[in-house]
Every structure is written in C-alpha cells, then in structure tokens.
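Trainee: I'd like to learn how to read a protein model. Could we walk through one together?

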Amino acid sequence: MVATDTTDTLQITSCFIFVLDKPPNFKIKLKDTTCVENEPVSLVAEFDRKIAINSVKWYFNDKEILLSDRDYSIITDGSTCTLKLFNPSPDTSGAYTINVDGSQCSANLTVERKLKVLVMCSSQQEFYPQLP
C-alpha cells in the first residue's frame, strides 16, 4: 500500500502482487521399465525442488490413480516422487504419467509373465549307463 500526500487530501493507492511460481523441472524423468509379474516395481521421478504432496498426480493409461487404489503406493519424499506397484501383472502394463503442477512425463511399464519351467528327469541309468 502506498500513501501519497497531495496538498489537502491524502490519497491511498493499493495494489496486489501475485507471484506465480513456474512448474518444477525434472532432474530425473520416468524411465521405461520391464519387470516380472508379482515382483514389486517402482517408477521414480525427481524434481529440482521439494514437491507438495497434494500437487502430485499419477496416471495409468490416462486414468488417474487414486490414493485409495490398493494396487499402488504413491510416495512423495522431498523432491522425489515414487509410484510403487506391489503385485504387477500383465494387466498393469501400459503408460504411466506423473504430473506435478503442469510438469509431466510418461514411461511405459511392461510386465512379463513368470515362466513356469517343468523339468522332467529320467533315471540315472539312462544318462549314465555305466553306473551300478
């Protein structure tokens, strides 16, 4: 607020200044990742400054991941944001996006099925005929 004295009257002028902070910059962007089903995996992004928890939004194939979704854990620790999948399956393969105050990046997660290997063994006599 600025007060200006003019001869007989006091004139008061006021103004408001709004400082709009620019979106945070990525230090580390999400990376395309491949994992095996049912083995936990994390997608991690790091920013150039501390991030407010309520400004972080995660998306799976353009659908927002909610905090109540039990398949995921959303962790914001200072400037690092992590999305953890506890039991990924091929159904959770797809595009994951993080958006923080307009800064966003995406990466693909590929979840491969575990291979079930069946080993069949014959008797040792077939492989080693000289053994008693």
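**Starting from one contact**

Mentor: Let's start with a pair of side chains: those of tyrosine 72 and tyrosine 96 make a polar contact at 3.2 Å. A polar contact is a pair of N or O atoms within 3.5 Å; within protein, one must be able to donate a hydrogen and the other to accept it, and residues adjacent in sequence count only if both atoms are side-chain atoms.

Trainee: What kind of model is this, and how are things counted?

Mentor: This is a predicted model, where local features need pLDDT of at least 70 and side-chain atom pairs count only at pLDDT 80 or more, while totals for chains, interfaces and linings use all residues. Residues are numbered from 1 along each chain as its sequence is written, and side-chain values use heavy atoms, with hydrogens and water left out.

Trainee: Which elements does the chain have, and in what order?

Mentor: Helices (H or I, at least four residues) and strands (E, at least two) are DSSP runs, numbered from the N terminus. Here there are one helix and eleven strands, and from the N terminus on they run β-β-β-β-β-β-β-β-β-β-β-α.

Trainee: Back to tyrosine 72: is it buried or exposed?

Mentor: Buried means under 20% relative accessible area, exposed over 50%, and partly exposed in between (1.4 Å probe, protein chains only). Tyrosine 72 has a relative accessible area of 10%, so it counts as buried. You'll find tyrosine 72 in strand E8. Across the chain, 26% of the 132 residues count as buried.

Trainee: What does tyrosine 72 touch?

Mentor: Contact means heavy atoms within 4.5 Å. Leaving aside neighbours within four places in sequence, tyrosine 72 is in contact with Phe60, Ile65, Leu83, Lys84, Leu85, Phe86, Thr92 and Tyr96. Take lysine 84: it is twelve residues from tyrosine 72 in sequence, with the two C-alpha atoms 5.5 Å apart in space. On the same basis of skipping sequence neighbours, the contacts of tyrosine 96 include Leu30, Leu43, Tyr72, Leu83 and Cys105.

Trainee: How much of the contact count comes from residues far apart in sequence?

Mentor: Among contacts in the chain with a separation of 6 or more, 57% are between residues 24 or more positions apart.

Trainee: Which residues have the most contacts inside the largest nonpolar core?

Mentor: A nonpolar core is a set of buried Ala, Val, Leu, Ile, Met, Phe, Trp, Tyr and Cys residues joined through side-chain atoms within 4.5 Å. The largest one has 22 residues, and Leu30, Trp58, Leu83, Tyr96 and Ile98 have the most contacts inside it. E5, strand E6 (56-60), strand E9 (80-85), E10 and E11 each supply at least two residues of this core.

Trainee: How do I read the sheets?

Mentor: Look for paired strands: two strands pair if DSSP finds at least two bridges between them. One open sheet has five strands in the order E4-E11-E10-E6-E7, with mixed pairing. Its edge strands, pairing on one side only, are E4 (33-36) and E7 (63-64). Another open sheet has four strands in the order E3-E5-E9-E8, with antiparallel pairing. There the edges are E3 (26-28) and E8 (72-77).

Trainee: Can we zoom in on the five-strand sheet?

Mentor: Sure. Strand E10 (residues 94-100) runs antiparallel to strand E11 (residues 103-112), joined by seven bridges, and threonine 97 stands opposite serine 106 in E11. E6 and E10 pair in the antiparallel sense over five bridges; tryptophan 58 stands opposite isoleucine 98 in E10. E6 and E7 form a hairpin with two residues between them, and asparagine 61 in the turn has a positive phi of about 50°.

Trainee: Which residues lie on the covered face of E6?

Mentor: In a regular strand the side chains alternate between the two faces of the sheet. In E6, Val56, Trp58 and Phe60 make up the covered face, while Lys57 and Tyr59 make up the uncovered one.

Trainee: One last residue: what about serine 103?

Mentor: Serine 103 lies in strand E11. With a relative accessible area of 11%, serine 103 is buried. A polar atom of its side chain lies 2.5 Å from the backbone oxygen of proline 24. Beyond neighbours within four places in sequence, serine 103 is in contact with Pro23, Pro24, Phe26, Phe47 and Ile98. Two of those names meet again in the other sheet: phenylalanine 26 has phenylalanine 47 in E5 as its bridge partner.
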